[in-house]
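This report describes the fold of a single chain, working from the overall picture down to individual residues. The sequence and structure are shown here for reference.

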Amino acid sequence: MIKDEEVFRIGQITRTHGVKGEVEIAFTDDAFDRGSSEYLVLLIDGILVPFFFTAYRYKGASSALFTFEDIVSEEAARRLVGLSVFYPKSHIDDAETDIEDLHSLKAFTGFRVYAIDHDESTDEELATYDLGEITMVDDSSLNTLLTVTDDEGTERLIPFHHDFLLDADMQERSLLVDIPLELISLND
């Protein structure tokens, strides 16, 4: 049985393609490009289920068409539309990935964001607070915005700039940022 902590979300099945069971996946993360897995994991009725793919081809910068084993008809593929797609952490070595190697900042979707707490920090110890999880990255303009959702479900739009980023832990899937409090509190 696959556990939640063994995978991370990389996209969603958006539609079928053709009549032979092919589906389109819209990626929110470029882990598929960096990984070596022969399968993807789909969330079906609350259960993480592995699906081995037999073929894939890129449709654009952020989507691809997949053919899965045992999904050979449009009807079978239609049942997968709307499902979240996950990637197994064991098949990617994010520890060796630098932020400059990422194809898109959308790879930060699912990362936790920790901000420096200047009021609580001392010369000996750096204090941080948890802003939440990145649920969306809007990089459609020069000003990239992160949608960060805290544990209570409150969403904040936070501007992303490389000057704000202090550390990116690809293995732990977390970012340490030093963002002016005024930019964070704009959402309040």
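What follows treats the chain as a whole, then its two sheets, then its cores, and finally one residue.

**The chain as a whole**

The model is a predicted one, and its confidence averages a pLDDT of 86 over the chain, with 93% of the residues scoring at least 70. Among the elements, the lowest mean pLDDT, 75, belongs to helix α1 (residues 31-34), whereas the highest, 96, belongs to strand β3 (residues 39-44). The secondary structure consists of three helices and twelve strands, and the C-alpha atoms occupy a box of roughly 60 × 30 × 30 Å along the principal axes. Of the 188 residues, 41% count as buried, while the accessible surface amounts to about 10,900 Å², with carbon and sulfur atoms contributing 48% of it. Among contacts with a separation of 6 or more, 56% join residues that lie 24 or more positions apart.

**Two sheets**

Strands β1, β2, β5, β4, β3 and β6 follow one another in that order around a closed barrel of six strands, with antiparallel pairing. Neighbouring strands of the barrel are turned against each other by 50° on average, direction ignored. Strands β1 and β6 of this barrel pair in the antiparallel sense over five bridges, and V7 has P88 in β6 as its bridge partner.

The other six-strand arrangement is an open sheet with the order β10-β9-β8-β7-β12-β11, in which the pairing is mixed. Because β10 (155-159) and β11 (165-169) each have a single partner strand, they stand at the edges, and one side of each is left without a neighbour in the sheet. In this open sheet the average turn between neighbouring strands, direction ignored, is 35°. Strands β8 (residues 128-138) and β9 (residues 145-149) pair in the antiparallel sense over five bridges, and I134 stands opposite V148 in β9.

The two antiparallel pairs described above are set side by side here.

| Strand pair | Bridges | Residues opposite each other |
|---|---|---|
| β1 and β6 | five | V7 and P88 |
| β8 and β9 | five | I134 and V148 |

**Nonpolar cores**

In soluble globular proteins, nonpolar side chains tend to be buried together. The largest nonpolar core of this chain holds 23 residues, and those with the most contacts inside it are I10, L40, F66, F68 and L80. Two or more residues of this core come from each of β1 (7-17), β2 (22-27), α1, β3, β4 (47-58), β5 (63-68), α2 (74-78) and β6 (84-88). Once residues up to four places away in sequence are set aside, F68 touches I13, V23, I25, L40, F51, F52, F53, T54 and L80. There is also a second, separate core of 19 residues, which includes A115, F164, L165 and M170.

**A closer look at Y56**

Is Y56, a residue of strand β4, buried or exposed? Neither word fits, because its relative accessible area is 40%, which makes Y56 partly exposed; buried would require under 20% and exposed over 50%. Beyond its neighbours within four places in sequence, Y56 is in contact with F32, L65 and F66. Of these partners, F66 lies ten residues from Y56 along the chain, and the C-alpha atoms of the two are separated by 4.4 Å. F66 is also among the residues with the most contacts inside the largest nonpolar core.

Notes: Residues numbered from 1 in each chain as written. Predicted model: local features only at pLDDT ≥ 70, side-chain atom pairs only at ≥ 80, totals over all residues. Heavy atoms only, no water. pLDDT = per-residue confidence, 0-100. Helix = DSSP H or I, 4+ residues; strand = E, 2+ residues; numbered from the N terminus. Pairing = 2+ DSSP bridges. Axes fitted to C-alpha atoms, helices over the stretch in contact; angles between N-to-C directions. Buried < 20%, exposed > 50% of the residue type's maximum accessible area, 1.4 Å probe, protein only. Contact = heavy atoms within 4.5 Å. Areas by Shrake-Rupley, 256 points an atom, 1.4 Å probe, with all protein chains shown as cover. Core = buried A, V, L, I, M, F, W, Y, C linked by side-chain atoms within 4.5 Å.
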